[in-house]
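Me: I am new to this structure and should be grateful for a close look at a single part of it. Please begin with one residue and then set out, step by step, what surrounds it.

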Amino acid sequence: MAEFNTGNRGGGNDRGGNDRRGGGNDRRGNDRNNEQQSRTGDSDLKEKVVAINRVAKVVKGGRRFSFSAIVVVGDGNGTVGYGLGKANEVTDAIAKGIDDAKKNLVKVPLYKHTVPHVMEGKYSGGFVLVQPAAAGTGVIAGGAMRAVFESAGIKDVLAKSKGSSNPHNVVKATFDALLKMRDPMQIAQARGITLSQVFNG
């Protein structure tokens, strides 16, 4: 009877324990591979810190400081995103902001390294005007908008912030303007006309 019970326990370990541990190791290996692939895909993204804000919380023993950072990432070829990170350390807040920005990437239309047409963007108190510029003009824009344009790969643009100077509102208003723009190639194909007719009528 003792040998029979020992055999059952051994068989139970062989059937369940070892198999489950093996499966768990395989899943962990797959997760590591996926993380390595995602890092490789994000390697061409460049990060720009727009603003860092220090927040003080008054507690019984004094004041505790935390930091919030708004970060813009982009590949310089029309793909751009922004994110917000909060932590007790500046580096951790920036890292969280970068991760958040990579989850919210969008594609914006470009035409000869500038924007295709004039557009206004608005978010809360932020209000911006974005219009195309000739080659060689450069990025004529404020700090928060400049980070977005440079990350998106826009090299020539004229932009003006006409509302709130809060960097969060300015960045979101700039994204609103870029996302409302239409790709001239798609318009030409939809209307059945040439690209020059889209701009010149």
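**One loop and its surroundings**

Reply: Ser124 has a relative accessibility of 52%, and since exposed means over 50%, the residue counts as exposed. This value, like the others below, comes from a predicted model. Ser124 lies in the loop between strand 5 and strand 6. Its phi is positive, near 55 degrees, although the residue is not a glycine.

The two strands on either side of this loop are partners. Strand 5 and strand 6 (residues 126–132) run antiparallel and are joined by 5 bridges. One of the paired positions is Tyr123, whose bridge partner in strand 6 is Gly126. Strands of a sheet pair through backbone hydrogen bonds, either parallel or antiparallel.

Where do strand 5 and strand 6 stand in the order of their sheet? They belong to an open sheet of 4 strands with the order 5-6-8-7 and mixed pairing. Strand 5 (119–123) and strand 7 (139–140) have a single partner strand each, so they form the edges, and one side of each is left without a neighbour in the sheet.

On the other side of strand 5 in the sequence there is a further loop, which leads from strand 4 (106–107) to strand 5 and holds His113. His113 is another residue with a positive phi that is not a glycine, here about 65 degrees. Is His113 buried, partly exposed or exposed? Its relative accessibility is 44%, and because this value falls between the limits of 20% and 50%, His113 counts as partly exposed.

From the loop, the view may now move into strand 6. Val128 is found in this strand, and with a relative accessible area of 0% it is buried. In a regular strand the side chains alternate between the two faces of the sheet. Val128 also gives a link to a distant part of the sequence: its C-alpha is 7.7 Å from that of Ala177, although the two residues are 49 residues apart in sequence.

Ala177 is one of the buried residues of helix 4, a group that also includes Asn169, Val170, Val171, Ala173, Thr174, Phe175 and Leu178. Helix 4 (residues 167–180) has 14 residues. From its first C-alpha to its last it reaches 20 Å, close to the 20 Å expected at 1.5 Å a residue. An α-helix has 3.6 residues a turn, so residues three or four places apart point the same way.

Two polar contacts add detail to this helix. At its start, a side-chain oxygen of Asn166 comes to within 3.0 Å of the backbone nitrogen of His168. Further along, Thr174 is found in helix 4, and a polar atom of its side chain lies 2.7 Å from the backbone oxygen of Val170. Thr174 has a relative accessibility of 0% and therefore counts as buried.

Helix 4 also packs against helix 3 (residues 143–152). Their axes are 8 Å apart and meet at an angle of about 40 degrees, and the two helices are therefore oblique to each other. The crossing in which helix 3 passes helix 4 is right-handed.

A second sheet completes the picture. In it, 4 strands form an open sheet in the order 1-2-3-4, with antiparallel pairing. Strand 1 and strand 4 are its edge strands, and each pairs on one side only. Strand 1 (residues 46–59) and strand 2 (residues 62–74) are joined by 13 bridges and run antiparallel. A hairpin of 2 residues connects them, and Val59 stands opposite Gly62 of strand 2. Strand 2 is in turn joined to strand 3 (residues 79–87) by 8 bridges, again antiparallel, and the bridge partner of Gly74 in strand 3 is Val80.

These parts belong to a chain with 6 helices and 8 strands. Of its 201 residues, 32% count as buried. Val128 in strand 6 is among the buried residues, whereas Ser124, in the loop where this account began, is exposed.

Terms used. Residues are numbered from 1 along each chain as its sequence is written. This is a predicted model: local features need pLDDT of at least 70, side-chain atom pairs count only at pLDDT 80 or more; totals for chains, interfaces and linings use all residues. Side-chain values use heavy atoms; hydrogens and water are left out. Two strands pair if DSSP finds at least two bridges between them. The expected span of a helix is 1.5 Å times one less than its number of residues. Buried means under 20% relative accessible area, exposed over 50%, partly exposed in between (1.4 Å probe, protein chains only). A polar contact is a pair of N or O atoms within 3.5 Å; within protein, one must be able to donate a hydrogen and the other to accept it, and residues adjacent in sequence count only if both atoms are side-chain atoms. Axes are lines fitted to C-alpha atoms, for helices over the stretch in contact, and angles run from 0 to 180 degrees between N-to-C directions. Angles under 35 degrees count as roughly parallel, over 145 as roughly antiparallel, 65 to 115 as roughly perpendicular and the rest as oblique. A crossing is left-handed if the near helix is turned anticlockwise from the far one by less than a right angle, and right-handed if clockwise.
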